Amino acid sequence: SRRRGLRGAQVAPPGWPATRETSLPDLKSRRRSVSSAGILMYRRAGANLEVLLVHPGGPYWRKKDEGSWSIPKGEIADGEDVEVAARREFMEETGVPLSGALDPLGEIRQRGGKRVIAFALEGDVDVQTIRSNTFEFEWPPNGGRMQSFPEIDRAEWCELPSAHAKIVEGQRPLLGRLAGLVKQAGTRPAL
């Protein structure tokens, strides 16, 4: 809806035509992609299974822990192969190039409707060497100053019970699917 300016005049929001007949913008054309691809890396630690989770960077996430971690993932570009997108996003968020076959974990939907297509890969990375790409946005809000933040500010290896508490709710089914995949391969992780 339109905002009221001085003396009750109708004022169009920024970027809208400044007429009395202001209409809603085409929201579909402005929507971000709702499809992402990601990789749940895992390793065996004795009888236990550990997964690599990443914590989002930026001031909003700084003090959040449980329910805020994720698998390394990101948007699939138009026409991009899903596995290629998953590998690219893992590299962008961790700085670690991947090789090896990916095992599909299927698709989940996060709160808000974002579709995530996930893969599993057994591997081992030193979380101290992870280097993420960065993004910019205005901080503090309405402060007029753009700041740069890492897309992820840290990574951690977690056993499944700990990972279940840390990972965002919509991605929790991926942990069970991974446990099933590993069990099917012949090694049952401690749950």
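**Exercise 1. Count the salt bridges in this predicted model, then look at the pair formed by arginine 43 and glutamate 50. Is each partner buried or partly exposed?**

Step 1. The count comes to 11 salt bridges.

Step 2. In one of them, the side chains of arginine 43 and glutamate 50 meet at 2.6 Å, N to O.

Step 3. Buried means under 20% relative accessible area. Glutamate 50 has 13%, so this residue is buried. Arginine 43 has 22% and therefore counts as partly exposed.

**Exercise 2. Which residues do shared salt-bridge partners join into one network with Arg88?**

Step 1. Start from arginine 88, which is partly exposed at 26% relative accessible area.

Step 2. Its side chain meets that of glutamate 80 in a salt bridge of 2.7 Å, N to O.

Step 3. Arginine 88 also meets glutamate 89, at 2.6 Å. Glutamate 89 is buried, with a relative accessible area of 6%.

Step 4. Through shared partners, Glu80, Arg88, Glu89 and Glu92 form one network.

**Exercise 3. Which element gives the most residues to the largest nonpolar core?**

Step 1. This core has 21 residues, and Leu40, Val51, Leu53, Ile71 and Leu178 are those with the most contacts inside it.

Step 2. Elements giving two or more residues include strand E3 (35–45), strand E4 (48–56) and helix H4 (172–184).

Step 3. H4 gives the most, with five residues.

**Exercise 4. Where is the pLDDT below 50?**

Step 1. For the whole protein chain, the mean pLDDT is 82, and 79% of residues reach 70 or more.

Step 2. The pLDDT is below 50 over residues 1–31. Where pLDDT is low, predicted coordinates should not be read in detail.

Technical notes:
Residues numbered from 1 in each chain as written. Predicted model: local features only at pLDDT ≥ 70, side-chain atom pairs only at ≥ 80, totals over all residues. Heavy atoms only, no water. Core = buried A, V, L, I, M, F, W, Y, C linked by side-chain atoms within 4.5 Å. Buried < 20%, exposed > 50% of the residue type's maximum accessible area, 1.4 Å probe, protein only. Helix = DSSP H or I, 4+ residues; strand = E, 2+ residues; numbered from the N terminus. pLDDT = per-residue confidence, 0-100. Contact = heavy atoms within 4.5 Å. Salt bridge = Lys/Arg side-chain N within 4 Å of Asp/Glu carboxyl O.
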